[in-house]
Amino acid sequence: MTTLSRRALGIGLAAGLSAPALAQGPRPLTIVVAYPAGGDTDALARIYAEKLSPRLGRPVVVENRSGASGAVGSIHVARAAPDGDTLLMAPSTFAIVPHVLRRGANYDPVADFTPIHMPGTTPLLLVASRQSGLRTIADVVAAAKAGRITGYGSPGTGSPMTFMGEMFNRTAGIQVQEIAYRGVAPIVNDLLAGTIAIGNVTPGAVAPHLLAGTIVPVAVTERARSAVLPEVPTFVEAGLEVEVQAWWGLYGPRGLPDAFVAQVNAQMEEVVRMAEVQERHRAFGIVTTGGAPAALAARTRADWDRFGRLARELNIQAD
């Protein structure tokens with residue numbers, strides 16, 4: 001082989017090797033959402049992914065892995081390599097489900113994950129379909145006692161909405177059964193159609209329908225009136241001890257490097273303070289919190305402990 005041909009072959013091999021390497025670029029970061037597309041957790045994850053991508057210098061994509069009240073997606077992330085390629089955007093249901101599901105939720109939200117950032121919190125909201133004619137807590141209690149309401153929609157057994165419903169049952173002396181959906185989006189569809197009379201949701205899931213008057217807000221689950229829904233009364237005002245708050249957290253598998261956690265936390269702090277994201281938070285009824293990973297770790301532990309006790313007290317279990 002001549003010197004010229006060897007040189008030509010070497011150039012060809014170098015070109016052949018470098019082109020795919022250049023085409024690959026940075027590895028994508030996948031944010032898993034353990035619920036179907038269309039809900040508020042999915043929408044939030046997509047907002048954050050869009051803003052994080054240029055800050056991290058890599059593609060950030062959202063992947064929906066729904067099932068078992070969020071356990072399917074959560075377990076997938078718990079088993080992922082702690083290499084910074086797979087994260088979980090989870091609602092507070094994440095810290096509750098293992099207490100409730102008898103099988104299929106074999107993860108520990110405290111021990112199996114690395115907390116990164118908590119974007120915000122929101123009250124829960126009892127809503128009614130427009131067709132039901134229900135407007136107040138007293139209306140709902142009367143309808144339940146008369147047998148005109150037999151079920152409430154929730155986005156999955158083990159969610160904070162399950163506990164909200166069972167607290168309502170206990171303190172109001174009614175017995176309305178949970179109708180567990182796979183996420184909030186199908187609850188909204190059935191409320192709009194009048195298929196169900198009431199549902200327990202987050203404000204963000206029904207915000208446009210509240211504005212349009214096609215779904216009716218009945219009560220919120222915070223002790224004082226919510227800053228995002230000041231016109232809606234609380235359960236406590238009606239003498240009912242129903243106090244639950246939902247939140248969202250960004251997690252990775254256990255063992256994520258501290259430097260990576262600090263980097264993503266810092267970028268998320270900037271993202272949630274952006275005017276555009278603040279506007280979206282307000283539209284979803286979210287109060288921005290943010291903070292260090294330790295704040296999310298403490299909230300996860302607190303809800304893990306509290307709802308474990310409540311699950312036993314209220315006998316909330318599901319297969």
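**Figure 1. A49, a buried residue of helix α2.** In this predicted model, A49 has a relative accessible area of 4% and is therefore buried, the cut-off being under 20%. Its place is in helix α2, which covers residues 40–56. If we set aside residues up to four places away in sequence, A49 touches I31, V60 and V62. For one of these partners, I31, we can add a distance: the C-alpha atoms of A49 and I31 are separated by 7.6 Å, with their positions 18 residues apart along the chain.

**Figure 2. Helix α2 beside helix α10.** Let us stay with α2 and look at its packing with α10, the helix of residues 275–284. Two packed helices are described by the angle between their axes and the distance between the axes. Here the axes come within 11 Å and cross at roughly 175°. Angles over 145 degrees count as roughly antiparallel, so that is how α2 and α10 run relative to each other. On the α2 side, the contact is made by D40, A43, L44, I47, Y48 and K51. Facing them from α10 are E276, V277, R280, H281 and F284. Sorted by class, the contact of α2 with α10 has six nonpolar, one polar and four charged residues.

**Figure 3. The largest cavity and its lining.** A search of the whole structure turns up three cavities of 30 Å³ or more. The largest cavity holds about 220 Å³ of space. It is lined by 25 residues, and the closest to its centre are Y35, D40, T41, P155 and V184. D40 may look familiar, as this α2 residue also takes part in the contact with α10. Four elements each supply at least two residues of the lining of the largest cavity: α2, α6 (160–172), α7 (185–193) and β11 (245–253). By class, this lining has 14 nonpolar, eight polar and three charged residues.

**Figure 4. The second largest cavity.** About 60 Å³ of space lies in the second largest cavity. Its lining consists of L126, Y152, M164, G165, F168, N169, V176, I198, N200 and F235. Two elements, α6 and β9 (198–201), give two or more residues to this lining. The largest share, four residues, comes from α6, a helix that also helps line the largest cavity. By class, the second largest cavity is lined by seven nonpolar and three polar residues, with no charged ones.

**Figure 5. S92, a buried residue in a loop.** Our last close-up turns to S92, in the loop between β3 (86–91) and α4 (97–100). With a relative accessible area of 1%, S92 falls under the 20% cut-off and so counts as buried. Leaving aside neighbours within four places in sequence, S92 is in contact with P160, Q245, A246, W247 and D303.

**Figure 6. The whole chain, for orientation.** To place the close-ups, here is the protein chain with its 11 helices and 12 strands. Its C-alpha atoms fill a box of roughly 95 × 40 × 35 Å, taken along the principal axes. Of the 319 residues of the protein chain, 53% count as buried; A49 and S92 are both buried. Among contacts between residues at least 6 apart in sequence, 79% join residues at least 24 apart.

Conventions: Residues numbered from 1 in each chain as written. Predicted model: local features only at pLDDT ≥ 70, side-chain atom pairs only at ≥ 80, totals over all residues. Heavy atoms only, no water. Buried < 20%, exposed > 50% of the residue type's maximum accessible area, 1.4 Å probe, protein only. Contact = heavy atoms within 4.5 Å. Axes fitted to C-alpha atoms, helices over the stretch in contact; angles between N-to-C directions. Parallel < 35°, antiparallel > 145°, perpendicular 65-115°, else oblique. Nonpolar A, V, L, I, M, F, W, Y, C, P; charged D, E, K, R; others polar. 1 Å grid on protein atoms, 1.4 Å probe; cavity = no way out; pocket = protein on both sides within 12 Å on 5 of 7 lines; lining within 4 Å. Points joined across faces, edges and corners; volume = space filled by probe spheres on them.
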